[in-house]
Structure formats: structure tokens, C-alpha cells
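Here are a few exercises to work through with the structure open beside you. Try each task before reading its solution.

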Amino acid sequence: MYDFQYHRPTSLDEASRMLSGAEEASFIAGGQTLLQTLRQRLAQPSDVVDLGGIAELRGISREGDNVVIGAMSRHNEVAGSADVAGAIPALATLAGGIGDAQVRNMGTIGGSIANNDPAADYPAGLLGLGATVVTNNREIPADDFFVDMFETALEPGEIIRSVRFPVPQRAGYVKFDQPASRYALVGVMVSQGAGGVRVAVTGAGPSVFRVSEMEDALGRDFSADAIAGIRIPSDGLNADIHGSPEYRAHLVTVIAQRAVNAALQAH
Ligand SMILES: Cc1cc2nc3c(=O)[nH]c(=O)nc-3n(C[C@H](O)[C@H](O)[C@H](O)COP(=O)(O)OP(=O)(O)OC[C@H]3O[C@@H](n4cnc5c(N)ncnc54)[C@H](O)[C@@H]3O)c2cc1C
């Protein structure tokens, strides 16, 4: 690990001021990804700004037809929230299935989506539920937020404050996980709500993506049978020791059907 200046601001304004004076700054939320990156000397920030002391980034609440989750909310807090379980049980399932107990006690929703790991669960949650990312200076729809592998629409120094999830009529999240890390080989969030049907897939490609053919079919008939015959092309899907692109393409259809059934059972 290289030396750096450590800061712990107590407000977003203070955090922004600390950034503006830094040569190259990094935020730290739960440190689940960033600490490994620093230990392996893959990054050399001059300043590390700890978001843990900023009260504005905490809290989970039901606000009308939305659930708003502060960026520093730990995965366990989301999994255990009565507001989340009552309004969007699929999101509580998603958060409760991330990693292991230690990761869920430290990892945050803000850190997860800022990192945009291709196998992370929350990107499917945000895209599949049609959420909006609220930062310190704008609002970004999930459709525009996840750009590519480990790349988002965030500008340098931009801080995620919260994520706003519209409450769907029904939703289901299922993943086929890699048993050691529990990252998704393929994870699918399916929802039906005011904005129609959404199907978002993580783990299969370089970044989370929607499957419009499945969305159209489910819009006509919200049942697992309606998408049983839909195969996505394997071109461009991820290949690693855990699975080939063809295997992942096959899993998308299987897991999407299970997500539809989960949505039907939960609501
Ligand atoms: C062993 C292990 C297993 C895991 N398994 C899973 C899994 O099954 N599914 C899954 O989805 N994830 C998994 N993860 C990832 C984990 O859930 C964390 O969400 C992820 O590592 C990010 O960690 P963090 O929230 O602590 O953020 P940090 O590591 O502190 O930060 C990550 C990045 O986000 C930036 N950042 C953090 N907060 C903000 C903010 N508010 N605004 C702007 N930028 C910000 C930081 O600058 C940094 O670049 C696993 C991690 C580990 C170590």
C-alpha cells in the first residue's frame, strides 16, 4: 500500500472541499473493494476520503411510491429493513444474498454501484427496478448509470447520496452464484410496475443489460412459460473458469424464468 492522506468529513460540502484540494482522491465506503485495490498497489490516490462520517448518506425510508436508500447503507441494513421487505421484497432478497456475513456487514450500496463489477447484484437491482441514482449534484436513471465494465456515468469527484427505487407491483430476483464468492454467474431482476416490465441481467456480460424481447413477452403474459423459448445471443458474453458465453446465455433463460416465478410467489 502506498502512503496517502486520510480524511473523514462529516458533511457532503466538507467532502467536496477536501476533494478539490487533492491531487488524486478516492472515496472509501466499506472498503470491501477499495482496500484490496490499495493493498495490491493497483491504485495510488494521494487522498482517501472516508464517507462513513456523513449522516446525509445514511438511512432507508419509504417516501410515497418510492423506497430511498442512502449510499452508505450496508447490505445487511437493506436486507433487514422493514421498509424494503414490505415494499420490494426482491431487493431485500438481493441484498441478503451478497457475499458472506462479513461482506454484508461492511459493503454498501453506493460502493457496489460505483464499482459496477460485472458480476455484482445491485446493478441488476437498479436496472431491473428502474431506479434513479441521486448524487451530490444530479439524478441519473439506472438506464444511463451503468456504462461498461467497472465504468459508470459518475464524474470524477461526484458522490452518490442515495438510490430511489419505485415500488413495483411485483418483482423477483434470482441468481446462479459462484459458490466461493457468491458473485453472480448470472443474476436476473424482473419487475412489473408503472413503467411496464423490466428484465435486467448481471454476471453474463461486461455490464448489466436489459432483455427487451423478454420484457415484451412478459408484458403480454407475465408467466415463466412466456419467456421459456427466448434465447439471448452468446456473442460478447463473459468467458472465465466458471462458465463459457454459451453456458451463461443458457442460464439467462433459466434464471429469468425462476425470477418470474419468484415475483409471482412474492406478490
Ligand atoms: C469476498 C467478497 C465477496 C463479495 N460477494 C459479492 C456478491 O456476491 N455480490 C455482490 O454484488 N458483491 C459482492 N462483493 C462486493 C461487495 O458487496 C461490495 O459492495 C463491493 O466490494 C464495494 O465495496 P464497498 O461498498 O465497501 O465500497 P468501497 O470498496 O469502499 O468502494 C468501492 C468504490 O466505490 C467508490 N464509492 C464508494 N461509495 C461511493 C459513493 N457514495 N459515491 C461515489 N463513489 C463511491 C469508491 O471510491 C471506490 O472506487 C463481494 C466482495 C468481497 C470482498
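**Exercise 1. Find which helix gives the most to the shell around the ligand.**

Solution. Start with helix 7, which contributes five residues to that shell, the most of any helix or strand. Bear in mind that you're looking at a predicted model. Next, see what else takes part: strand 2 (25-28), helix 6 (101-106) and helix 7 (109-115) each put in at least two residues. Then look for the nearest approach: of 31 residues around the ligand, Gly30, Gly99, Gly107, Gly110 and Gly111 come nearest. Sort the shell by class and you get 15 nonpolar, 14 polar and two charged residues. Last step: domain 1 (5-55) and domain 2 (58-266) both supply shell residues, so the ligand shell sits between them.

**Exercise 2. Work out how many residues each domain puts into the contact between domain 1 and domain 2.**

Solution. First take the domain assignment, which gives domain 1 (5-55) and domain 2 (58-266). The contact uses 13 residues from domain 1 and 13 residues from domain 2. Now turn to the domain 1 side: helix 1 (residues 12-20) gives the most there, with four residues. By class, that side has seven nonpolar, six polar and no charged residues. For scale, the C-alpha centres of the two domains are 26 Å apart.

**Exercise 3. Identify the members of the largest nonpolar core that touch the most other members.**

Solution. The core holds 77 residues, and the ones to pick out are Val188, Met189, Val201, Ala256 and Ala259. Helix 11 (residues 245-266) supplies the largest share of this core, eight residues. Domain 1 and domain 2 both contribute, so the core lies between them. Now zoom in on Ala259: skipping residues up to four places away in sequence, Ala259 touches Gly172, Tyr173, Val174, Val188, Met189 and Val190.

**Exercise 4. Check the span of helix 11 against its 22 residues, then see what covers its buried residues.**

Solution. At 1.5 Å a residue, helix 11 should span 32 Å; the end C-alpha atoms are 31 Å apart, so the two agree. Next, list the buried residues of helix 11: Arg248, Leu251, Val252, Ile255, Ala256, Gln257, Ala259, Val260, Ala262 and Ala263. To make sense of the spacing, recall that an α-helix has 3.6 residues a turn, so residues three or four places apart point the same way. Finally, look at the cover over the buried residues of helix 11, which includes helix 5 (89-96), strand 11 (170-177), strand 12 (184-193), strand 13 and helix 10 (212-220).

**Exercise 5. Decide whether Asn116 and Arg182 are buried or partly exposed.**

Solution. Asn116 is in the loop between helix 7 and helix 8 (122-129). Its phi is near 45°, a positive value in a residue other than glycine. Count neighbours: Asn116 has 23 C-beta neighbours inside 10 Å, so it counts as buried. Arg182 belongs to the loop between strand 11 and strand 12, and has a positive phi of about 70° despite not being a glycine. With 16 other C-beta atoms within 10 Å, Arg182 is partly exposed.

**Exercise 6. Say which residues Gly205 contacts, setting aside its neighbours within four places in sequence.**

Solution. Place Gly205 first: it's in the loop between strand 13 (196-202) and strand 14 (209-210). Gly205 has 20 other C-beta atoms within 10 Å, so it's buried. Its contacts are Pro118, Gly236, Leu237 and Asn238. Take Asn238 as a final check: Gly205 and Asn238 are 33 residues apart in sequence, yet 5.2 Å apart in space, C-alpha to C-alpha.

Key. Residues are numbered from 1 along each chain as its sequence is written. This is a predicted model: local features need pLDDT of at least 70, side-chain atom pairs count only at pLDDT 80 or more; totals for chains, interfaces and linings use all residues. A residue is near a molecule or strand if its C-beta atom, placed from the backbone, lies within 6 Å of it. Ala, Val, Leu, Ile, Met, Phe, Trp, Tyr, Cys and Pro count as nonpolar, Asp, Glu, Lys and Arg as charged, and the others, Gly among them, as polar. Domain bounds come from an automatic or database domain assignment. A residue is buried if 20 or more other C-beta atoms lie within 10 Å of its own, exposed if 12 or fewer, and partly exposed in between; C-beta atoms are placed from the backbone. Two residues are in contact if their C-beta atoms, placed from the backbone, lie within 7 Å. A nonpolar core is a set of buried Ala, Val, Leu, Ile, Met, Phe, Trp, Tyr and Cys residues joined through C-beta atoms within 7 Å. The expected span of a helix is 1.5 Å times one less than its number of residues.
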